[in-house]
Amino acid sequence: MKLNIVCIPGDGIGPEIVAEAKKVLNKVAKVYGHEMSFTDVLMGGASIDAYGVPLTEETIATAKEADAVLMGSIGGNTVTSPWYKLPPNLRPEAGLLGIRKALNLFANLRPAVLYEELSEACPLKKEISSAGFDMMIMRELTGGLYFGERYTTQENGIRKAVDTLTYDEKEIRRIAIKGFDIAMKRRKKVTSVDKANVLDSSRLWRKVVDEVSADYPEVTLEHMLVDNCAMQLVRDPAQFDVILTENMFGDILSDEASMVTGSIGMLASASLNDTKFGLYEPSHGSAPDIAGKGIANPIATILSAAMMLRYSFDLDWEADAVEDAVRNILKKGYRTVDIMSEGCSQVGCKEMGDLLADEIK
Ligand code: NAD
């Protein structure tokens with residue numbers, strides 16, 4: 001397969017971790033006989049330094065021509081970096097919002113996996129975490145409360161603020177289809193999360209998800225209220241495969257799910273549009289405090305690259321190979337400093353990339 005991948009190394013540890021992900025992808029290409037080309041473009045602080053803006057039309061055009069985009073992360077120290085003296089629309093994060101909009105990325109995917117070898121980092125009790133868990137949160141990214149009409153006013157001297165939560169059936173259907181498609185590649189279970197006992201938007205959400213489920217007879221669908229889901233995530237996380245939910249509920253639940261894994265350097269993510277195209281990036285930020293020290297954990301970015309292989313290119317074996325390599329290297333006791341524990345061997349960012357690439361045979 002011929003694959004054209006655009007890379008946005010970004011700021012802070014971004015260039016270090018993207019270099020390791022490329023190393024692993026190059027090894028996958030070699031072992032499985034694919035042709036991968038990488039084009040680097042600037043975004044965020046690096047783009048501000050070069051062009052005065054966090055996202056250029058050229059970066060957008062190059063990304064649109066790619067089969068997928070792999071990103072490190074963007075931004076700097078929000079207190080000391082001169083980027084944060086700029087108006088908000090010219091700061092590094094504006095580049096991220098801009099590219100998501102330009103590429104119509106409406107579906108956010110965040111896996112939360114508890115690796116047996118890292119179970120000590122999990123803040124849950126042993127009897128809960130010992131079963132491990134492996135779930136995928138599918139969050140709608142461009143609708144709902146964060147994009148509805150909002151205003152603040154005063155009525156009879158009383159201040160009042162209004163936010164509106166709107167979804168139409170088209171928005172719900174397209175994210176539901178993505179959720180069921182992802183479930184078909186996993187354990188074939190979807191938990192759709194809403195607040196249908198109170199909200200009209202949730203009642204429509206539930207109806208449309210039911211309609212979409214008719215096209216996926218192999219997938220088991222359950223509906224769960226968001227308050228119950230927040231509780232179940234810490235009571236019995238192993239019950240979940242794909243959690244499908246709207247923007248604000250997903251924002252909160254995906255942070256909760258990632259916290260129960262306990263390891264920020266391990267968390268991948270993807271944002272997808274209605275084709276196979278996606279932007280893949282670690283969930284963590286640019287970690288300016290450790291940039292340039294060679295100690296960043298590249299695994300979240302490498303697992304994001306595995307998601308790219310699986311969801312944009314349908315290369316499931318290749319994605320499995322990368323994920324297996326991560327498991328094997330953890331089993332062999334290699335750790336970067338953020339996940340280090342007694343008796344393990346500490347390695348740097350580059351060494352971790354080398355170990356993972358070598359593991360793909
Ligand atoms: P952060 O995720 O960058 O760092 C939080 C802590 O986790 C730091 O101590 C850091 O050293 C550590 N850490 C993060 N990733 C790590 C890794 N791969 N290996 C080892 N340790 C790691 O969050 P922050 O400090 O709040 O934000 C720093 C910058 O990143 C800010 O400018 C913020 O806006 C930006 N940010 C960008 C994105 C993105 O690009 N999508 C996401 C979140 C934050």
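Q: Helices are taken here as DSSP runs (H or I) of at least four residues, numbered from the N terminus; between which two helices does the loop that holds Asp 314 lie?
A: In this predicted model, Asp 314 has a phi near 55 degrees, a positive value in a residue other than glycine. Its relative accessibility is 40%, and because buried means under 20% and exposed over 50%, Asp 314 counts as partly exposed. The loop that holds Asp 314 runs between helix 10 (299-312) and helix 11 (316-331).

Q: Is Asn 156, which has a positive phi without being a glycine, buried or exposed?
A: Asn 156 has a phi near 50 degrees, and its place is in the loop between strand 6 (150-155) and strand 7 (158-163). Its relative accessibility is 81%, and since the cut-off for the upper class is over 50%, Asn 156 counts as exposed.

Q: Why can strand 5 (residues 133-140) be described as largely enclosed by the rest of the structure?
A: Strand 5 pairs with strand 4 (residues 107-114) in the antiparallel sense over eight bridges, and with strand 10 (residues 242-245) in the parallel sense over four bridges. The description itself rests on accessibility, because the number of buried residues among the eight of strand 5 is seven.

Q: Which residue of strand 10 stands opposite Ile 137?
A: On the side of strand 4, Ile 137 is the bridge partner of Arg 110. On the side of strand 10, where the pairing with strand 5 is parallel, Arg 139 stands opposite Thr 245, while Ile 137 stands opposite Ile 243.

Q: Which residues of strand 10 point the other way from Val 242 and Leu 244?
A: In a regular strand the side chains alternate between the two faces of the sheet. Strand 10 has four bridges to strand 8 (residues 189-194), with the two strands running parallel, and Thr 191 has Ile 243 as its bridge partner there. Val 242 and Leu 244 point one way from strand 10, all of the residues named for the two directions are buried, and those that point the other way are Ile 243 and Thr 245.

Q: With which residues is Ala 257 in contact, leaving aside its neighbours within four places in sequence?
A: Ala 257 has its place in helix 9 (residues 247-261), and it counts as buried because its relative accessibility is 1%. The C-alpha atom of Ala 257 is separated by 6.0 Å from that of Ala 112, although the two residues are 145 residues apart along the chain. With sequence neighbours within four places left aside, the contacts of Ala 257 are Ala 112, Met 135, Ile 137 and Leu 233.

Q: Is Lys 22 buried or exposed, and what is its relative accessible area?
A: Lys 22 is found in helix 1 (residues 14-32), and beyond its neighbours within four places in sequence it is in contact with Cys 7, Phe 38 and Asp 40. Since buried means under 20% relative accessible area, Lys 22 falls in the buried class, with a value of 18%.

Q: What is the C-alpha separation of Leu 225 and Thr 191?
A: Leu 225 lies in strand 9 (residues 220-225) and is partly exposed, with a relative accessible area of 24%. Not counting residues up to four places away in sequence, Leu 225 touches Val 193, Asp 194, Lys 195, Ala 196, Asn 197 and Arg 206. Leu 225 and Thr 191 are 34 residues apart along the chain, and their C-alpha atoms are separated by 9.8 Å.

Q: How much of the ligand's accessible area does the protein cover?
A: Polar atoms of the protein approach the ligand at several places: an oxygen atom of the ligand is 2.6 Å from a polar backbone atom of Gly 76, an oxygen atom of the ligand is 3.0 Å from an N or O atom in the side chain of Tyr 84, and a polar side-chain atom of His 284 lies 3.1 Å from a nitrogen atom of the ligand. Of the 810 Å² of accessible area that the ligand has on its own, the protein covers 70%.

Q: Which elements give two or more residues to the shell around the ligand?
A: Around the ligand there are 22 residues, of which Gly 76, Glu 93, Gly 285, Ala 287 and Asp 289 come nearest. By class, this shell has ten nonpolar, eight polar and four charged residues. The elements that give two or more residues to the shell are strand 3 (68-73) and helix 4 (92-102).

Conventions
Residues numbered from 1 in each chain as written. Predicted model: local features only at pLDDT ≥ 70, side-chain atom pairs only at ≥ 80, totals over all residues. Heavy atoms only, no water. Buried < 20%, exposed > 50% of the residue type's maximum accessible area, 1.4 Å probe, protein only. Pairing = 2+ DSSP bridges. Near = heavy atom within 4 Å. Polar contact = N/O pair within 3.5 Å; in protein donor to acceptor, adjacent residues only side chain to side chain. Areas by Shrake-Rupley, 256 points an atom, 1.4 Å probe, with all protein chains shown as cover. Nonpolar A, V, L, I, M, F, W, Y, C, P; charged D, E, K, R; others polar. Contact = heavy atoms within 4.5 Å.
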